[in-house]
Amino acid sequence: MKKFLIPIMIVAITIAFYEQSKEKANLYIEILAIVIFMYSMLRLSAKTPSKNDDNLDEDDNKRG
């Protein structure tokens with residue numbers, strides 16, 4: 001999944017920057033590109049484990 005999302009993110013942000021550089025940019029294309037980029041970031045960050053989960057488990061074990 002990671003191999004699929006990273007290229008999509010790169011393409012989306014490239015399209016957003018390209019549209020922004022035009023004299024008359026299409027706002028809907030820019031919004032769509034940013035939404036795709038943010039959704040991809042959400043999906044990638046959801047797979048990253050939290051550091052705090054381990055710390056919470058250790059604290060609970062120490063308390064009792």
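Against which helix do the buried residues of helix 1 pack? They pack against helix 2, and the tour below follows that pairing from one helix to the other, in what is a predicted model.

**The whole chain**

Begin with the entire chain in a cartoon view, where the secondary structure comes to three helices and zero strands, so that, by the DSSP assignment used here, the elements read α-α-α from the N terminus on. If you then colour the chain by accessibility, buried residues make up 12% of its 64 residues.

**Helix 1**

Select helix 1, residues 2-21. This helix has 20 residues and reaches 29 Å from its first C-alpha to its last, close to the 28 Å expected at 1.5 Å a residue. Now show the side chains of Leu5, Met9, Ala12, Ala16 and Glu19, which are buried in helix 1. They cover an arc of only 105° around the axis, and are therefore on the same side of helix 1. Turn the view to the face directed away from this buried side, and you will find the exposed residues Lys3, Ile10, Phe17, Tyr18 and Ser21.

Stay with helix 1 and pick Lys2, which belongs to this helix. Lys2 is exposed, with a relative accessible area of 58%. Leaving aside neighbours within four places in sequence, Lys2 is in contact with Pro7 and Leu44. A distance drawn from the C-alpha atom of Lys2 to that of Ser40 comes to 9.4 Å, although the two residues stand 38 residues apart along the chain.

**Helix 2**

Next select helix 2, residues 27-46, whose 20 residues should span 28 Å at 1.5 Å a residue, and whose end C-alpha atoms are 29 Å apart, in agreement with that expectation. Show Glu30, Ala33 and Ser40, which are buried in helix 2. Seen down the axis of helix 2, its buried residues fall within an arc of 100°, so they line one face of the helix. That buried set packs against helix 1, while the face of helix 2 turned away from its buried side carries the exposed residues Leu27, Tyr28, Leu32, Leu42 and Ala46.

Move to the start of helix 2 and display Asn26 together with the backbone of Tyr28: a side-chain oxygen of Asn26 reaches to within 3.2 Å of the backbone nitrogen of Tyr28.

**Glu19 and its surroundings**

Return to helix 1 and centre the view on Glu19, which has its place there. With a relative accessibility of 6%, Glu19 counts as buried, because the cut-off for that term is under 20%. Residues up to four places away in sequence being left out of the count, Glu19 touches Ala25, Asn26, Ile29 and Glu30.

Add Lys22 to the selection, and ask which side chain it meets in a salt bridge. The partner is Glu19, at 3.0 Å from N to O, and the count for the model comes to one salt bridge. The two partners differ in accessibility: Lys22 is partly exposed, with a relative accessible area of 36%, whereas Glu19, at 6%, is buried.

**Glu30 and Ile29**

Now select Glu30, which lies in helix 2. How far away is the nearest side chain of opposite charge? That side chain is Lys22, at 8.9 Å, and Glu30 is buried yet has no salt bridge. Showing the residues around Glu30, again without those up to four places away in sequence, brings up its contacts with Ala16, Glu19, Gln20 and Ala25.

Finish with Ile29, which also lies in helix 2. Ile29 is partly exposed, with a relative accessible area of 33%. With residues up to four places away in sequence set aside, Ile29 touches Ile15 and Glu19. A last distance, drawn between the C-alpha atoms of Ile29 and Ala16, comes to 7.2 Å for two residues that are 13 residues apart in sequence.

How values were computed: Residues numbered from 1 in each chain as written. Predicted model: local features only at pLDDT ≥ 70, side-chain atom pairs only at ≥ 80, totals over all residues. Heavy atoms only, no water. Salt bridge = Lys/Arg side-chain N within 4 Å of Asp/Glu carboxyl O. Buried < 20%, exposed > 50% of the residue type's maximum accessible area, 1.4 Å probe, protein only. Helix = DSSP H or I, 4+ residues; strand = E, 2+ residues; numbered from the N terminus. Expected span 1.5 Å × (residues − 1). Arc of directions from axis to C-beta. Contact = heavy atoms within 4.5 Å. Polar contact = N/O pair within 3.5 Å; in protein donor to acceptor, adjacent residues only side chain to side chain. Lys, Arg positive; Asp, Glu negative; His and termini not counted.
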